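Subject: A structure for you to look at

Hi there,

Here is the structure I promised to pass on to you. Have a look at it first, and then read my notes underneath.

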Amino acid sequence: MKNLTLIGLIILAITANLLAQKKSSNPQVSISVFNENFGLNALPDGNPLHFGGAISFEFTRKKNGVYSAANSFELGYLKHAPIFQAAYLAWKPKYQWQFNNGLQLHTLLGLGYLHALPTQTTYEQEDGLYTAKKNTGKPGGLASFGAGLGYQLIKNDSQSLTIFCRQEWMLIAPFNINNLLPFSANSLISLGVSVQLN
């Protein structure tokens with residue numbers, strides 16, 4: 001019940017923030033794939049790839065020349081076999097500089113909810129025997145910071161299309177999927193595409 005309450009409060013806060021915007025253009029939709037790893041380096045030598053993906057909806061709240069600020073709502077999934085997999089929901093305010101030559105620079109912050117599940121069967125000892133146990137996962141908070149660059153391939157009055165690459169760092173706490181780790185620091189490197197809806 002606590003998990004549902006937290007999710008409800010996050011969705012309520014994001015919705016209230018979006019509705020409070022006086023100048024909100026049509027949303028921009030982004031789809032990305034990423035590699036995730038423990039630590040600060042998303043692609044350390046010798047480590048396998050741990051793929052994930054995300055979809056986000058972005059609403060512009062401020063625009064001034066090349067600078068714009070937006071509220072972004074992201075839903076994502078990642079799998080770090082053989083330890084855990086997770087689904088997350090996050091609010092990620094984004095700050096962007098879109099130049100006339102097509103180059104784009106952006107940074108974002110994030111706060112959200114992450115639900116982690118083990119990727120292997122969980123066992124429990126009963127009467128000296130180990131039996132498989134259903135594991136519904138553990139909740140955690142999520143904080144993130146990211147920076148990236150992109151290039152606008154299409155820009156006209158009816159639509160825009162931008163490709164981007166982003167490095168993001170994530171802190172998950174509590175990280176209850178493994179009792180030895182009270183929190184987890186993870187990094188992501190992602191490739192994606194953004195489309196303006198009209």
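Below is what turned up when I looked at the salt bridges.

Please keep in mind that this is a predicted model. Searching the whole structure gives three salt bridges.

Let's start with Glu58 and Lys94. Their side chains meet in a salt bridge, with 3.2 Å from N to O. Glu58 belongs to strand 2 (residues 51-64) and Lys94 to strand 5 (residues 94-98), so this pair ties together parts that are 36 residues apart in sequence. Are these two residues buried or exposed? Both Glu58 and Lys94 are buried.

Next comes Lys92, which sits in the loop between strand 4 (84-91) and strand 5. Which residues does Lys92 share a network of salt bridges with? The partners in this network are Glu74 and Glu168.

Take Glu74 to begin with: the closest N and O atoms of Glu74 and Lys92 are 2.8 Å apart. Glu74 is part of strand 3 (residues 67-80), so its salt bridge with Lys92 connects parts that are 18 residues apart in sequence.

Now for Glu168, whose side chain meets that of Lys92 in a salt bridge of 2.7 Å, N to O. Glu168 lies in strand 10 (residues 160-173), so here the parts tied together are 76 residues apart in sequence.

How buried are the members of this network? Glu74 has a relative accessible area of 5%, and Lys92 has one of 2%, so both count as buried, the cut-off being under 20%. Glu168 is buried as well.

Enjoy exploring!

Best wishes

Note on methods: Residues numbered from 1 in each chain as written. Predicted model: local features only at pLDDT ≥ 70, side-chain atom pairs only at ≥ 80, totals over all residues. Heavy atoms only, no water. Salt bridge = Lys/Arg side-chain N within 4 Å of Asp/Glu carboxyl O. Helix = DSSP H or I, 4+ residues; strand = E, 2+ residues; numbered from the N terminus. Buried < 20%, exposed > 50% of the residue type's maximum accessible area, 1.4 Å probe, protein only.
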